[in-house]
Amino acid sequence: MAEIKNYTLNFGPQHPAAHGVLRLVLELDGEVIQRADPHIGLLHRATEKLAESKTYIQSLPYMDRLDYVSMMSNEHGYCLAIEKLLGVDVPVRAQYIRVMFAEITRLLNHLIWLGAHGLDCGAMNILIYCFREREVLVDMYEAVSGARMHAAYFRPGGVYRDLPETMAQYKVNKLRNAKAIDALNENRQGSLLDFIADFVAKFPKLVDEYETLLTDNRIWKQRTVGVGVVSPERALNLGFTGPMLRGSGVAWDLRKQQPYEVYAGMDFDIPVGKTGDCYDRYLVRVAEMRQSNHIIQQCVDWLRVNPGPVITSNHKVAPPDRESMKSNMEELIHHFKLFTEGFHVPEGEAYAAVENPKGEFGIYIVSDGANKPYRLKIRAPGFSHLAAMDEMARGHMIADAVAVIGTMDIVFGEIDR
């Protein structure tokens, strides 16, 4: 009689729970995972190499496309690295706007993570709930940048433009009558800050709804408690950052430990887990959404009463405003040089890291004094997390592999780069 040996299963890359283009080669004994081998590189777009042949400002929109659910957070790290090399001061108002949108981005990321992770584990409704709020948040993106996803709103020296005083309105159409449209436009009568303030006031109750659906749900707990346990020591050794590290009980957050922009003056807490399993990481991310909401509230309150410039006045780095560009020869030359040749960054190297929704997102730039980087290296948080797939999934069932991939909050744009 033939002896039974382990068999190999290809999980992905077209599996809906593989979160994009992960090819996971599972070595199975029955239904128990003996080894999990993630194969990456199916979404490699050579972002780091492309940056070497583009000016600094031309590479900025590529950052949106790395972790394509945390768009502005990626831009943030890139801008901070350039500003470190240039020695440019960012106006305080711009710093508050950046922090506000970094936290809006954290909500966007955690909402899609929660919806997708819930769906992977068999909870259908949560996805629809999460997308209900994401719709409002992408409207905020659209109001400042004109794009719902790839905003390119953060610029070296500040942000592209100030917050708009009006919000786009829904119009009567074949699908909705005037009464329904009025209800949709109710919170769009004021400025963007009013719109954000309205959302911030409603959001805690909405997070309560997610918790009602999942936190004490028997099936959800069976799918996540005790699955993918990582000890604090292993989490540190594996290079975990963000909620993956905090879920294991390590209180490490760059916004507190190495404050950048105006985070030092913000009032917020760092949620940490106890056991380091999928359930703890879920609780950490849900608690983070509440903290982000609190930070956005503080930014809105400050921005309401403190007008000012939103980008540096150094026209060697940031373009002049349209009016002066069209009436002043010197400004026209600045504008022309910026958008053709770009600014030259002094020789040297710099590393800047931000607390991305997924963990520490770092940009390491080496400049040789030209108008484009000599070398750009991106430190993607998800890369280290995916590397621990084998360790986290070993000994679990196939169904648990789905929960482990979900808890990592993986996006392949940044992993394959």
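In the predicted model, Trp302 is partly exposed, its relative accessible area being 23%. Tyr96, by contrast, has a relative accessibility of 14% and therefore counts as buried, the limit for burial being under 20%.

A search for aromatic contacts across the whole structure returns 10 pairs. In one of them, the ring centres of Tyr96 and Trp302 are 3.8 Å apart and the planes meet at 5°, so this pair is classed as stacked. Tyr96 belongs to helix α4 (residues 92–120) and Trp302 to helix α12 (residues 278–305); the pair therefore ties together parts separated by 206 residues in sequence. An edge-to-face arrangement is found for Tyr263 and Phe268, with 6.2 Å between the ring centres and 65° between the planes. Tyr263 is buried, at a relative accessible area of 1%, and Phe268 also counts as buried, at 3% relative accessibility. In addition, one aromatic cluster is formed by Phe101, Tyr141, Tyr153 and Phe154.

Arginine side chains are also placed over aromatic rings. Arg285 lies over the face of Trp113, at 4.6 Å from the ring centre. The charged end of Arg134 sits over the ring of Phe131, and the distance to the centre of that ring is 5.6 Å.

At the surface, a nonpolar patch is made up of Met329, Leu332 and Ile333, which together have about 290 Å² of accessible area. Met329 is located in helix α14 (residues 329–340). With a relative accessibility of 56%, Met329 counts as exposed, because the class begins at over 50%.

Definitions and conventions. Residues are numbered from 1 along each chain as its sequence is written. This is a predicted model: local features need pLDDT of at least 70, side-chain atom pairs count only at pLDDT 80 or more; totals for chains, interfaces and linings use all residues. Side-chain values use heavy atoms; hydrogens and water are left out. Patches are made of residues with over 30% relative accessible area and no salt bridge: like charges are joined within 9 Å, nonpolar side chains (Val, Leu, Ile, Met, Phe, Trp, Tyr) within 5 Å. Accessible areas come from the Shrake-Rupley method with a 1.4 Å probe; for residues, only the protein chains shown count as cover. A salt bridge is a side-chain nitrogen of Lys or Arg within 4 Å of a carboxyl oxygen of Asp or Glu. Helices (H or I, at least four residues) and strands (E, at least two) are DSSP runs, numbered from the N terminus. Buried means under 20% relative accessible area, exposed over 50%, partly exposed in between (1.4 Å probe, protein chains only). Rings of Phe, Tyr and Trp (its six-membered ring) pair if their centres lie within 6.5 Å; planes under 30 degrees apart count as stacked, over 60 as edge-to-face and the rest as tilted. A charge sits over a ring if NZ of Lys or CZ of Arg is within 6 Å of the ring centre and within 35 degrees of the ring normal.
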